[in-house]
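Q: I would like to take a close look at one part of this protein and then see what surrounds it. Could you walk me through it step by step?

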Amino acid sequence: MEQTHLKDFQSWLSLKSIEGALLLNPVNVSYFTGFTGDESYLFVTPSEALFITDSRYLSQVKAEVRGVAVEQNQKGLTGVISLIHERFPLNDLGLELSYVSASDYLTIKKKILCPVIDIGAQIDSLRQVKDEEEINCIKKACAIADQAFMQVLTEIKPGMTELMVASKLESHFKELGSTGPSFETIVAAGIRSSMPHGSASTNVIKSGDLVTLDFGCFYEGYTSDLTRTIGVGKISKDQQEIYDIVLKANEETIKILRQGVTGAEMHEKAHNIIDSAGYQQYFGHGTGHGIGRSIHEGPGAWGGYQSQPVVSGNIITIEPGIYLPDRFGVRIEDDVLINDQGYEVLTKSPKNELIII
Ligand SMILES: [Mn+2]
């Protein structure tokens, strides 16, 4: 898959007459080469690609990287720039402008005087459309997250801290073949469930709590992202009512997914259900985002993606929530593949009934 990604990028460079692009973002370097380490650089021209790394990574590069020339350099970015400057006379240079730090930019510009062109947005848009191998990796990451959730459900007990639950989830990921969590695991119980991003704390889980678990793991460099809210012991009528509204928003929004639907339409659908139930001001975040090598990427129903129609090969989350300050919150999140037939929900953890432990 990596070699196809690289060819697609090279065709675009050629189309845009960009003579060379230097990639610093390790996630993009992995996307084009399969390399899983960091502090390495990829220089790409319409017809060549040069992977530049230091001695620490040489044997790893040999094992992971195919079809790309490899060069050793021990002098960091300054050395990389000298090497490119000597070997490739450039009239323009592509950089990932939203990633490159101001100090790296000055290091580059000290030596390379030609105009700089942003290539980050193009790489983002290539990464949004997953090929079959990438889809299979994400399906596996979802299956591991589902299985870890089912296991942890048998282990959660009142009296445990949120951190203990997070730790169990994360060790299940690794037992099941994942390299580990893809973001800081959220376990938020009781009042803390009203914080959309309540990372696990020493808070003790008790009877009567709702507990929101939001977690994901990597498989072969690709992530899953799954949220379920569960109840402990006896649940109030209010808690059940909020759960049912959020479930409906999650299910009804997933049902409208197909090629051509925009982020704004997804967000509107989820909001329609939550707003008409009277909880408009308690759903304050985006409805979903793309996942892939990063936990948040395009497309989705947030920020700059609102007007972008989804296409076959996009994988997005749908994650409406309601958060009642100082009381409790509910979020339900699934990962959904857009395909030629419509959509496929990749996360399978049960949600139709509020799970009570
Ligand atoms: Mn998410």
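How far apart do the end C-alpha atoms of residues 6-129 lie, and how much of the span is helix and how much is strand?

A: Happy to! Keep in mind that this is a predicted model. In residues 6-129, the C-alpha atoms at the two ends are 14 Å apart. Helix makes up 45% of the span, and strand accounts for 18%. The UniProt record, an unreviewed entry, gives residues 6-129 the feature "domain: Creatinase N-terminal".

Now let's follow the chain onward to a little sheet. Three strands make up this open sheet, in the order 7-10-11, with antiparallel pairing. Its edges are strand 7 (180-181) and strand 11 (222-223), each of which pairs on one side only. Strand 7 and strand 10 (residues 217-219) run antiparallel and are joined by two bridges. If you want to find one of the contacts yourself, look at P181: its bridge partner in strand 10 is C217.

Next comes the metal site. The manganese ion is coordinated by D225 (OD), H289 (NE2), E319 (OE) and E333 (OE), at distances of 2.0 to 2.4 Å. Along the chain, these donors follow the spacing D-x63-H-x29-E-x13-E. Take H289 and E319 as a pair: they are 30 residues apart and link distant parts of the chain. H289 sits in strand 13 (residues 289-290), while E319 lies in the loop between strand 15 (315-318) and strand 16 (321-324).

Are these two buried or exposed? H289 counts as buried because its relative accessibility is 5%, and E319 is buried too, with a relative accessible area of 9%. The cut-off for buried is under 20%.

Notes. Residues numbered from 1 in each chain as written. Predicted model: local features only at pLDDT ≥ 70, side-chain atom pairs only at ≥ 80, totals over all residues. Heavy atoms only, no water. Donors = N, O, S within 2.8 Å, 3.2 Å for Na, K, Ca; no water. Helix = DSSP H or I, 4+ residues; strand = E, 2+ residues; numbered from the N terminus. Buried < 20%, exposed > 50% of the residue type's maximum accessible area, 1.4 Å probe, protein only. Pairing = 2+ DSSP bridges. UniProt positions renumbered as here; feature names shortened; annotations may be inferred.
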